[in-house]
Amino acid sequence: MPPAKPVVAADPSVVVIFGASGDLTSRKLLPALYEMDHLGLLPKATRIIGVARRDKTDDEWREEMRASAAEHATNFDAAAWQSFAKRVFYHAADATVADDYAGIAQRIKAIDPTSETKGNILFFLSVAPSLYAPITRAVGTSELVVEGRRWCTLDPANRSWQRVVIEKPFGHDATSAAELNRELAQVFDETAIFRIDHYLAKDVVQSTQVLRFANTIFEPVWNHRYVDHVQISACETLGVEDRVAFYDQTGALRDMIQSHLMQVFAFIAMEPPARMSAQDIQAEKLKVVRSIRPVAAGDVTESCAFGQYGGGPECTPYVDLPGVAKGSTTETFAAIRLEVDNWRWAGTPFYFRSGKRLAEKRTEVVVQFKEPAADLFTGVPHPHGRVSGNRLVLRIAPQEGARLTFSSKVPGQGIQIRPTHMDVDFQKEFGSETVEAYGPLFIDAMRGDQTLFKHRLEVEGAWDAVMPYIDERSADARKAIASNYAPASWGPAAAEALMARDGRAWNTD
Ligand code: BG6
């Protein structure tokens, strides 16, 4: 569904994209901004400047971006692009060098001579994570940030804003994430920092809030008394492809579980917020992330599973990909188990799993309810041998939807029981035109709405939750995982064993 016009419109601003030559900029960011413009959501005065080191003219960059938008944007229209592209510019500079900012500031004045954008600037760091801190420091010394930490001294009527959008991975571990947060806080107020996570822009992830808080039938059973366990999975069929340089330093646990799946977890597990406001939602997400029980040292090994894909027809084993360090122990599959120490969830485990080159693309949340307290149907034919608990599957990809499984009587004489399903296909229900997830997030940042962005403490809490597993992985690097699962499988045997130890299994519905 294309996004509805937000109640509070976006402020006009200059969008400065650092990393203009990167893949993210061409495949996602410019197509997303174009789509928002095409839908009438981008303020007409908006200017976009791509900054990178290579020399290039505006027209050369526009042409590169046009070709990419034609391929990646929904409803690409040549005339609409032409009108959008008039507000797209390129500036060659090294964003880590403080001296280069005088040139950027001059360029901003030149492309917006009457200051239609009123000094508002949205910086987007679409660069290697190692550059986040140096760029933030350099931006901080420039004349461009007039608000940031100093905002309270300015006349409120004439206030502009400068905000920064920062991509994942946010840090490499708990310590580096906290350090990066400190660096950002030197330049920007927390309300001006937009830590982006594209999973929060996914409709099904957002719809968990509606499912839980705009209905009455789910919330009363959304707790440890009724929920046996929850599974949060992001299984991909794609391999690492051309992202080896990044991935070999990162692995599945950091790349997917610490970031995206923790966000999904927070939406599923949080308490109802006081209001549906950014502040209230962030407060509840933060609370539940901080309620994750640090896994005890003695339980770590039994509560996780790691894997690395081997070779198969048309699939090079991960270790043999060009650029992967010889004998790399980076995991392309990770599964972990976490428990939450609060009144709602005590005793209900949450299982997380993510991997590359798996059998199916399957991004989902499975809420497995407990079996009925008393089985009145003992001896009645049932495919699982006994009456099973209800199961709610929220399907994020590839087909957005929901499935509720419940037991039914097979028609005919006598009683036979079989699980049956109620399915909703969101695309059939609401139409199938989707926009690039980054678009609505850009608009939210221009409106100053942080609902779908991560607070600093939440990011740090998510790192704290996975650190025991990261440490285990590093300490256990000698434990070979190379090629311990075949491409197009469901991951290493250890992942099944992790569930089997608890008498459970990953969802196959
Ligand atoms: C990215 C990860 O953040 O998310 C990738 O770096 C992963 O490794 C991707 O493939 C998955 O996103 P989606 O939207 O396809 O589930």
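In this predicted model, helix α7 spans residues 203-213, and its buried residues are Val204, Val205, Thr208, Gln209, Leu211 and Arg212. These buried residues pack against two helices, α9 and α10 (278-290), against the strands β12 (391-397) and β13 (401-409), and against α11 (426-430).

Two residues of α9 reach α7. Val264 is found in helix α9 and is buried, with a relative accessible area of 2%. Apart from neighbours within four places in sequence, Val264 is in contact with Tyr199, Val205, Ile232 and Val365; Val205 is one of the buried residues of α7. The C-alpha atoms of Val264 and His172 are separated by 20 Å, the two residues being 92 residues apart along the chain.

Ala269 also lies in helix α9, which runs over residues 251-269. Ala269 counts as buried because its relative accessibility is 0%, and buried means under 20%. With neighbours within four places in sequence left aside, the contacts of Ala269 are Arg212, Val288, Arg344, Trp345 and Phe350. Of these, Arg212 is among the buried residues of α7. Lys428 is 159 residues from Ala269 in sequence, and the C-alpha atoms of the two are 28 Å apart in space.

The packing of α9 on α10 has an angle of about 105 degrees, with the axes 9 Å apart. The two helices are therefore roughly perpendicular. From α9, the contact involves Gln263, Phe265, Ala266, Phe267 and Ala269; from α10, it involves Ile281, Lys285, Val288 and Val289. By class, seven residues of this contact are nonpolar, one is polar and one is charged.

A second helix pair is formed by α1 (residues 23-38) and α2 (residues 58-72), which pack at an angle of about 80 degrees with their axes 8 Å apart. This angle makes α1 roughly perpendicular to α2. On the α1 side, the residues in contact are Thr25, Ser26, Arg27, Leu30, Pro31 and Glu35, and they meet Trp61, Met65, Ser68, Ala69 and His72 of α2. The contact of α1 with α2 has five nonpolar, four polar and two charged residues.

Asp248 is placed in the loop between α8 (244-247) and α9. Asp248 is buried, since its relative accessible area is 11%. Its side chain and that of Tyr318 are joined by a polar contact of 2.5 Å. Beyond neighbours within four places in sequence, Asp248 is in contact with Tyr318 and also with Val324, Ala325, Ser328 and Thr330.

The ligand is surrounded by Lys168, His198, Tyr199, Lys202, Glu236, Arg243, Asp255, Met256, His260, Lys356 and Lys361. Tyr199 is also in contact with the buried Val264. Asp255, Met256 and His260 belong to the stretch 251-269 of α9. The table gives distances from side chains to ligand oxygen atoms.

| Residue | Atom in the side chain | Ligand atom | Distance |
|---|---|---|---|
| Lys168 | polar atom | oxygen | 2.8 Å |
| Glu236 | polar atom | oxygen | 2.6 Å |
| Arg243 | N or O atom | oxygen | 2.8 Å |

Helix α9 thus recurs in several of these settings. The buried residues of α7 pack against α9, the loop with Asp248 lies between α8 and α9, and α9 packs on α10 with Ala269 among the residues in contact.

Conventions:
Residues numbered from 1 in each chain as written. Predicted model: local features only at pLDDT ≥ 70, side-chain atom pairs only at ≥ 80, totals over all residues. Heavy atoms only, no water. Axes fitted to C-alpha atoms, helices over the stretch in contact; angles between N-to-C directions. Helix = DSSP H or I, 4+ residues; strand = E, 2+ residues; numbered from the N terminus. Parallel < 35°, antiparallel > 145°, perpendicular 65-115°, else oblique. Contact = heavy atoms within 4.5 Å. Nonpolar A, V, L, I, M, F, W, Y, C, P; charged D, E, K, R; others polar. Buried < 20%, exposed > 50% of the residue type's maximum accessible area, 1.4 Å probe, protein only. Near = heavy atom within 4 Å. Polar contact = N/O pair within 3.5 Å; in protein donor to acceptor, adjacent residues only side chain to side chain.
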